[in-house]
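Me: Could you take a close look at one part of this fold for me, the bigger mixed sheet and the helices packed on it? Cut-offs included, please, since I like to know how each term was set.

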Amino acid sequence: MKSEKLPIKLLVSIFFISIIFNCSKKDDIVVEEPQPIVLNNEINDFIWKGLNEIYLWQGDVPNLADDKFTTQDDYYTFLNEYNTPENLFDGLLYQKDVVDRFSFLVDDYVELENSLNGNSNSNGLDFGLVRLSGSDDVFGYVRYVANDSDAANKDIHRGDFFLTVDSQQLTINNYSDLLFGNNNDYTLGMATITNNSIAPNGKTVQLTKTNFTENPILINKVIDADGIKVGYLMYNQFIIDFDNALNDAITQLKSEGITELVLDLRYNPGGYGSSAIILSSMITGQFNGEIFYTEKWNSKYQDYFEQNNPEFLINRFTDKLQNNTPITELNLNKVYILTTEGSASASELVINCLDPYVNVVQIGTTTYGKYVGSITLYDSPNFDKANANPNHKYAIQPIVLKSTNVNGVSDYYNGIAPDYPITYETASGGVYEGEDLLNLGVLGDATEPFLEKALSLITGTTSKTSLSKTKAIIGFDYKTIADSKDFTPLGKNMFIDLKSNK
């Protein structure tokens, strides 16, 4: 959807103050005029203006204050203190990695735009990476393989382990370059966990990254659970271009007569907030026009919207897609949602904003903790892509708002905790929350631990306890360090469609 211009262009005009230098001639004394400061990097100018304009925490950052600079020389002197756009951007964020963990800068907005549309340079392998305790060594485990991808045509599956890339042992220092560098082709050295240790098993898998568009609907099926028709939908990213496909998937489930729905968002890092509204409206249907979530911007924008168009701040349940196609509605009063720490932003928006209206039964682990949204700003007078500066492809993705549900609930910085945690035991008898790497199970299969728990709650066959206890024990400690989605421009973010301000 083409973003419309913001209702206000710039609320302050500190950038165009005329600097007047006076000189006088007295007798034969010549007074040299001071030379104006020259800006070293025009990208720095764009970054400061963009963050000053619309950044959610603009009022909390002294260096972004509207009255920070009295002259253009002061302004340019400040910008020139930063030798790269990246350093300036990081330096202007509000408590970076503590409060603002999400704003980011890209040097190629085309790559970002492709990611937002589900298109990337990818082989279709989704995986997690963990670090062995007491070592710099890293190993990977496959979470899923995207449909119709290069990896889907290779002998690699969910639950497989790998230790090496192109015969090099993965470590905390090289995994980024080996797996997420410019190499489109690489060979994974596979591994097996036996007798409480992980070791190479001699198998290799060669993978090739291509220009690939991943369908976020990985699985859509109906499960017969003791005579109850349960829909199971694994949805891995909120992408506008797949809203029609999502509608088709819900239509299929409804046509098969489901009465319960299990929504698997455990690997869904977010995406467009508008798609989260659409999915939530499909799950329900009886709340069309009611408040789904409201927005809170920085004081400049918040004041403007409240005075001129308060409705702009409200996002409501809908009965149609953005192209006005009617959506299929399940009219459910309860939904089961599977989560992990990989469930972020728009995924959490669904949980938080459906909760006041229906019974949301959350199963798995605590979510990531992202209640804020961002927009893409380009280096142009109005920060939209039209007339963007042709000299570079930098763009910034600043946090511009936070969301609250109809009851005002927000700020779930530490994530949203599940109603039913999934746990597993280790050799030492310790109990840990999360997916057991030795018992991941087959996604969509009734015995997969997360789905098994949901089905047991639906059928009433078990008590409120964990089902995931494995006899195949992991005999060493490890720490999760990253997953493959962390290295996409999208990351764990929610993106905002700018609505018309009428």
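Reply: Here is a walk through that sheet, then its helices, then a short look at the rest of the chain. The model is predicted, so to speak of local features a pLDDT of at least 70 is needed, side-chain atom pairs count only at pLDDT 80 or more, and totals for chains, interfaces and linings use all residues. Residues are numbered from 1 along each chain as its sequence is written, and side-chain values use heavy atoms, with hydrogens and water left out.

First, the setting. The chain has ten helices and 26 strands; these are DSSP runs numbered from the N terminus, H or I with at least four residues for helices and E with at least two for strands. Of the 502 residues in the chain, 54% are buried, where buried means under 20% relative accessible area, exposed over 50% and partly exposed in between, with a 1.4 Å probe and protein chains only. Among contacts with a separation of 6 or more, 74% are between residues 24 or more positions apart; a contact means heavy atoms within 4.5 Å.

Now the sheet itself. It is open, has six strands with mixed pairing, and its order is β10-β11-β12-β16-β17-β22. Two strands count as paired if DSSP finds at least two bridges between them. Because β10 (217-225) and β22 (420-421) each have a single partner strand, they stand at the edges, and one side of each is left without a neighbour in the sheet.

Further in, look at β16. Strand β16 (residues 334-339) pairs with β17 (residues 359-364) in the parallel sense, over six bridges. Isoleucine 337 has glutamine 362 of β17 as its bridge partner, and leucine 338 has isoleucine 363 in β17. On the β12 side, three bridges join β12 to β16, and these two strands run parallel as well. There, valine 262 stands opposite tyrosine 336 in β16. Strand β16 is mostly covered, with five of its six residues buried.

Next come the helices. Helix α10 (residues 449-459) lies across β10, β11, β12, β16, β17 and β22, and runs at about 160° to β16. Helix α7 (residues 273-283) lies across β11 (228-235), β12 (260-264) and β16, at about 160° to β12. For these angles, axes are lines fitted to C-alpha atoms, for helices over the stretch in contact, and angles run from 0 to 180 degrees between N-to-C directions.

Helix α7 also has helix neighbours. One is helix α9 (residues 346-354): the two pack at an angle of about 45°, with their axes 9 Å apart. That angle makes α7 and α9 oblique to each other; under 35 degrees counts as roughly parallel, over 145 as roughly antiparallel, 65 to 115 as roughly perpendicular and the rest as oblique. Their crossing is right-handed, so the near helix is turned clockwise from the far one by less than a right angle, whereas anticlockwise would be left-handed. The contact involves Gly273, Ala276, Ser280 and Ile283 of α7, along with Ala346, Leu349, Val350 and Leu354 of α9. By class, that contact has six nonpolar, two polar and no charged residues; Ala, Val, Leu, Ile, Met, Phe, Trp, Tyr, Cys and Pro count as nonpolar, Asp, Glu, Lys and Arg as charged, and the others, Gly among them, as polar.

Another is helix α6 (residues 243-255), which packs with α7 at about 15°, the axes being 11 Å apart. That makes α6 roughly parallel to α7, and this crossing is right-handed too. Here Asp243, Leu246, Asn247 and Ile250 in α6 meet Ser275, Ile278, Leu279 and Met282 in α7. The tally is five nonpolar, two polar and one charged residues.

Elsewhere in the chain there is an open sheet of three strands, in the order β1-β20-β19 with antiparallel pairing. Its edge strands, β1 (104-106) and β19 (377-378), each pair on one side only. Two bridges join β19 to β20 (residues 395-397), and tyrosine 378 has alanine 395 in β20 as its bridge partner. Helix α1 packs on this sheet, touching β1, β19 and β20, with its direction at about 30° to that of β20. Helix α4 (residues 109-116) touches those strands as well, its direction making about 115° with that of β1.
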